[in-house]
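User: Please take a close look at one part of this model, the place where the ligands sit, and then set it against the other empty spaces in the protein.

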Amino acid sequence: MQAILIGSAAGGGVPQWNCRCRICSLARAGDPRVSPRSQSSLAVSADGDRWVLLNASPDIREQIAATPELQAGPPPRAAALRGSPIAAVVLTNGDVDHVAGLLSLREREPFALYGSAETLRAVSANSVFDVLAHDVVTRTVCALGEAFEPIAGLIIELFPVPGKVPLWLEDESLQIGAVGESTVGASIRANGRHIVYIPGAAAVTEDILARCEGADLLLFDGTCWFDDDMIAAGVGAKTSRRMGHLPIAGVDGSIAALDQVAVGRKVFTHINNTNPVLIEGSDERRAAERAGWDIGHDGMRFAFAPQAEARPVALEETPG
Ligand code: MLT
Ligand code: MN
Ligand code: ZN
């Protein structure tokens, strides 16, 4: 099994178009300590030939351009002039940073779209997504807790995690941390290997711990360091928890909550541009690394030999 973290930032990316916070400014200035990052997405494949995207970010065009494995390739690759290695897109929620990229996949290219009933309902209720013609792009509701096989040899199971409805669907009935169909994690298996992908979660539940146990790789919500990152950076009034994201640090943060779980490798992704872990060498980055976590970066590749090896091997890793 192979995985490529094609987008490692939260909504807005790094740098964010309208932001002059310290981290966005460093990234914009080309400071080597802060790599630019595109918005949250993961590509997975059982055979390196056909790929499934977990979420479709607004940056998908640039993400494909940066990832040879996802490109149409030169004419000899296929008999037809048009075609794509991307066979399916699986949604983990309906947030803009996870669905807007669907609009860029609209050139009458067949692929399969999967998500929870609630997320696919939100997509279907918005007719702009009908640019993905129904006779070309199939939409399949995934029952949570039931495995499906979007491409031969790659098995995915979506499971509920504490979260909330997408920002653009918030109303007075908003419940943050509700466990339901709004926000899901994905358990991805191929060739006896196992990746757990949870780009958004408001809390770590017993069910999440059980699902992560023994996985080769966990990619987890790293939106904020402290609950008040955005307030402290002076860019907003919302806490991490209000946005449905468990912060990393503190006695009740994700590092502590996932400390005892036995996984081959732990990587934070969906990292907001205000999170100081994005600065290489920062106290926060070092603390996360000391706790056994890597900080995800765009183009981070993982390859897993069938069954044999206990830990994933990172290929072509560049400093993030
Ligand atoms: C989130 O992860 O909280 C959302 O992507 C926020 C947004 O829609 O910008
Ligand atoms: Mn997001
Ligand atoms: Zn910023």
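Analyst: What follows starts at the metal ion, moves to the other ligand, and then turns to the pockets, the cavity and some backbone features. The model is predicted, and the values below are computed from it.

The manganese ion (ligand 2) has two protein donors, Asp97 through OD and His270 through NE2, lying 2.0 to 2.2 Å from the ion. Aspartate 97 belongs to helix H3, while histidine 270 is in the loop between strand S12 (266-269) and helix H8 (283-290), so this pair ties together parts that are 173 residues apart in sequence. Both aspartate 97 and histidine 270 are buried. For histidine 270 the relative accessibility is 5%, and the residue counts as buried because the limit is under 20%.

Ligand 1 has Asp95, Asp97, Leu167, Met243, His245 and His270 around it. Three of these side chains place a polar atom at a short listed distance from an oxygen atom of ligand 1: aspartate 97 at 2.9 Å, histidine 245 at 2.8 Å and histidine 270 at 3.1 Å. Aspartate 97 is thus a donor to the manganese ion and also one of the residues around ligand 1. Histidine 270 likewise appears as a donor to the manganese ion and among the residues around ligand 1.

Histidine 270 has further features. Its side chain makes a polar contact of 2.9 Å with the side chain of threonine 223. Histidine 270 also has a positive phi of about 50 degrees, although it is not a glycine.

Next come the pockets. The largest pocket holds about 680 Å³ of space. It is lined by 33 residues, and the closest to its centre are Gly11, Asp97, Leu167, Met243 and His245. Of these, Asp97, Leu167, Met243 and His245 are also among the residues around ligand 1. Helix H3 (residues 96-99) gives the largest share of this lining, with three residues. By class, the lining of the largest pocket has 18 polar, ten nonpolar and five charged residues.

The second largest pocket holds about 430 Å³ of space. Its lining has 17 residues, and Ile64, Ser84, Ser104, Leu105 and Glu107 are the closest to its centre. Here the largest share, three residues, comes from helix H2 (residues 60-65). The lining of this second pocket divides into eight nonpolar, five charged and four polar residues.

A search of the whole structure finds one cavity of 30 Å³ or more. About 40 Å³ of space lies in this cavity. Among the residues that line the cavity are Leu105 and Glu107, both also listed as closest to the centre of the second largest pocket. Other lining residues of the cavity include Arg106, Arg108, Val131 and Val137. Six residues of the cavity lining are nonpolar, four are charged and none is polar.

Two backbone features complete the account. The peptide bond from valine 14 to proline 15 is cis, with omega near -5 degrees, and proline 15 lies in the loop between strand S1 (2-7) and helix H1 (22-28). Asparagine 55 is not a glycine but has a positive phi of about 80 degrees. Asparagine 55 is placed in the loop between strand S3 (51-54) and H2, and it is buried, with a relative accessible area of 0%.

Note on methods:
Residues numbered from 1 in each chain as written. Chains lettered and ligands numbered in written order. Predicted model: local features only at pLDDT ≥ 70, side-chain atom pairs only at ≥ 80, totals over all residues. Heavy atoms only, no water. 1 Å grid on protein atoms, 1.4 Å probe; cavity = no way out; pocket = protein on both sides within 12 Å on 5 of 7 lines; lining within 4 Å. Points joined across faces, edges and corners; volume = space filled by probe spheres on them. Helix = DSSP H or I, 4+ residues; strand = E, 2+ residues; numbered from the N terminus. Nonpolar A, V, L, I, M, F, W, Y, C, P; charged D, E, K, R; others polar. Donors = N, O, S within 2.8 Å, 3.2 Å for Na, K, Ca; no water. Buried < 20%, exposed > 50% of the residue type's maximum accessible area, 1.4 Å probe, protein only. Near = heavy atom within 4 Å. Polar contact = N/O pair within 3.5 Å; in protein donor to acceptor, adjacent residues only side chain to side chain.
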